[in-house]
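Visitor: I would like a close look at one part of this chain. Please take the first helix, and then follow what packs around it.

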Amino acid sequence: MIQEQTYLLGEQAVVLDLNCARLDNTQQNRLFALHRHLQKQAQCTDIVVGKTSLTLVLQDPTQCASWQDQLLLLWEEFNAEDFHPTTHQIPVVYGQAAGPDLAPLAAQLGLSQSDIIELHSAPLYQVKFLGFLPGFAYLGCVPEQLRVARLDSPRTHVPAGSVAIAEDLSAIYPSTSPGGWRLLGHSPTQLFNPHSQPPCLFQPGDNVKFVPQKEGLC
C-alpha cells in the first residue's frame, strides 16, 4: 500500500513522496493530473515530477508548511481520469549512420534490424519524467524483447536527436552530450528551446509515437 508523505526540501520546496518503488498506471496518471493542475498555480516557480514523487518550488517560502498539507489533500482529490495527455508523432530515421547500434544489437538479440525497428516503433510511449539534460524525457516502456543494458563504455559524443534505448526505457537526446544508451536512429524534432513556453516539448505524462521514415531502414 502506498503511504504518501510530504516533506520540506531546502527553504522553498515541498516534496510529495509516494513512498514506493514503482507506480501503477492509475497512480502514475493521478500524479500527472496533479502536475497539470499545479502548473496553473501562480505561486509555483517550478514543479519537478520524479519517478514516484513531485517537488513543488514556491515563490514564497513562508507558504511551504501549508503546502505540505495542501499537496496531500490534492493528491486524494485527483483521479487517473482527470489526466488527458498530449500525443506527439516523432519521425525517426533508423539504422546506418543515424543508428550505429542497430546492427550490432540485432546480432546480439538474434533479430533482424527490421524486427527491432518494428518492435521499437510499435508502442505508444509515455513520458515518465524529465532529467539528465534539458528536454531529456524518459519514455516507457520498451518491449521486453529489446530490454538491454547500457553500453559498457559510454560514448563521449552522442549527437543531438539520437533515438536510444536502455533497459526498459527509450529517449531522444535533446542536445549533444556523452551517453551510454544504445543508438537506434535519429529524429530532427527539436525537444528543447529556452525561448519557448514551456521550453521542453515533452511534458510528464505526454504520449510519444515513433514513426519510421523512408530515408532510413524500415
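Guide: Start with the whole chain. It holds four helices and 13 strands. The radius of gyration is 19 Å, close to the 17 Å that the globule rule gives for 218 residues, so the chain is as compact as a globular protein of that length. Keep in mind that this is a predicted model. Along its principal axes, the C-alpha trace spans about 55 × 40 × 30 Å. Of the 218 residues, 47% count as buried. The chain exposes about 10,900 Å², and carbon and sulfur atoms supply 51% of that area. Among contacts with a separation of 6 or more, 62% come from residues 24 or more positions apart.

Now to helix 1. Helix 1 covers residues 25–38. How far apart should its ends be? At 1.5 Å a residue, its 14 residues should span 20 Å. The end C-alpha atoms are 20 Å apart, which agrees. Look at the start of the helix next. There, a side-chain oxygen of Asp 24 comes to within 3.1 Å of the backbone nitrogen of Thr 26.

Is helix 1 mostly covered or mostly open? It is mostly covered, with ten of its 14 residues buried. Polar names appear in that buried set: Gln 27, Gln 28, Asn 29, Arg 30 and His 35 are among them. The set also includes Leu 31, Phe 32, Ala 33, Leu 34 and Leu 38. As background, an α-helix has 3.6 residues a turn, so residues three or four places apart point the same way.

What covers these buried residues? The cover includes strand 2 (13–17), strand 3 (44–49) and strand 4 (53–58). It also includes helix 2 (64–77) and strand 6 (125–130). Take three of these in turn.

Helix 2 comes first here. Leu 71 lies in helix 2. At 0% relative accessibility, Leu 71 counts as buried. Leaving aside neighbours within four places in sequence, Leu 71 is in contact with Leu 38, one of the buried residues of helix 1. Leu 71 also contacts Thr 6, Val 14, Leu 16 and Leu 56. Leu 71 and Val 48 are 23 residues apart in sequence and 14 Å apart in space, C-alpha to C-alpha.

Strand 4 is next. Thr 55 lies in this strand. Thr 55 counts as buried because its relative accessibility is 14%, and the cut-off for buried is under 20%. Not counting residues up to four places away in sequence, Thr 55 touches Leu 9, Ala 13, Val 14 and Val 15. It also touches Asp 46, Ile 47 and Val 48. Val 14 is thus a contact of Thr 55 and a contact of Leu 71.

Then strand 6. Strand 6 is mostly covered, with five of its six residues buried. Which way does it run against strand 7 (residues 137–140)? The two run antiparallel, joined by four bridges. Gln 126 stands opposite Gly 140 in strand 7. Together, strands 6 and 7 form a hairpin with six residues between them. In the turn, Phe 132 has a positive phi of about 70°.

Strand 6 also pairs with strand 13, in the antiparallel sense, over two bridges. Tyr 125 stands opposite Val 208 in strand 13. Gln 126 stands opposite Asn 207 in strand 13. So much for that edge; now follow strand 13 (residues 207–212) to strand 5 (residues 87–94). These strands run parallel and are joined by six bridges. In strand 13, Lys 209 is the bridge partner of Gln 89.

Finish with a contrast elsewhere in the chain. His 157 lies in strand 8 (residues 155–158). With a relative accessible area of 52%, His 157 is exposed, whereas His 35 in helix 1 is buried. Leaving aside neighbours within four places in sequence, His 157 is in contact with Thr 176, Ser 177 and Pro 178. His 157 and Glu 76 are 81 residues apart in sequence and 44 Å apart in space, C-alpha to C-alpha.

Conventions. Residues are numbered from 1 along each chain as its sequence is written. This is a predicted model: local features need pLDDT of at least 70, side-chain atom pairs count only at pLDDT 80 or more; totals for chains, interfaces and linings use all residues. Side-chain values use heavy atoms; hydrogens and water are left out. The expected span of a helix is 1.5 Å times one less than its number of residues. Buried means under 20% relative accessible area, exposed over 50%, partly exposed in between (1.4 Å probe, protein chains only). Contact means heavy atoms within 4.5 Å. A polar contact is a pair of N or O atoms within 3.5 Å; within protein, one must be able to donate a hydrogen and the other to accept it, and residues adjacent in sequence count only if both atoms are side-chain atoms. The radius of gyration is taken over C-alpha atoms; the globule rule is 2.2 Å times the number of residues to the power 0.38. Accessible areas come from the Shrake-Rupley method with a 1.4 Å probe; for residues, only the protein chains shown count as cover. Two strands pair if DSSP finds at least two bridges between them.
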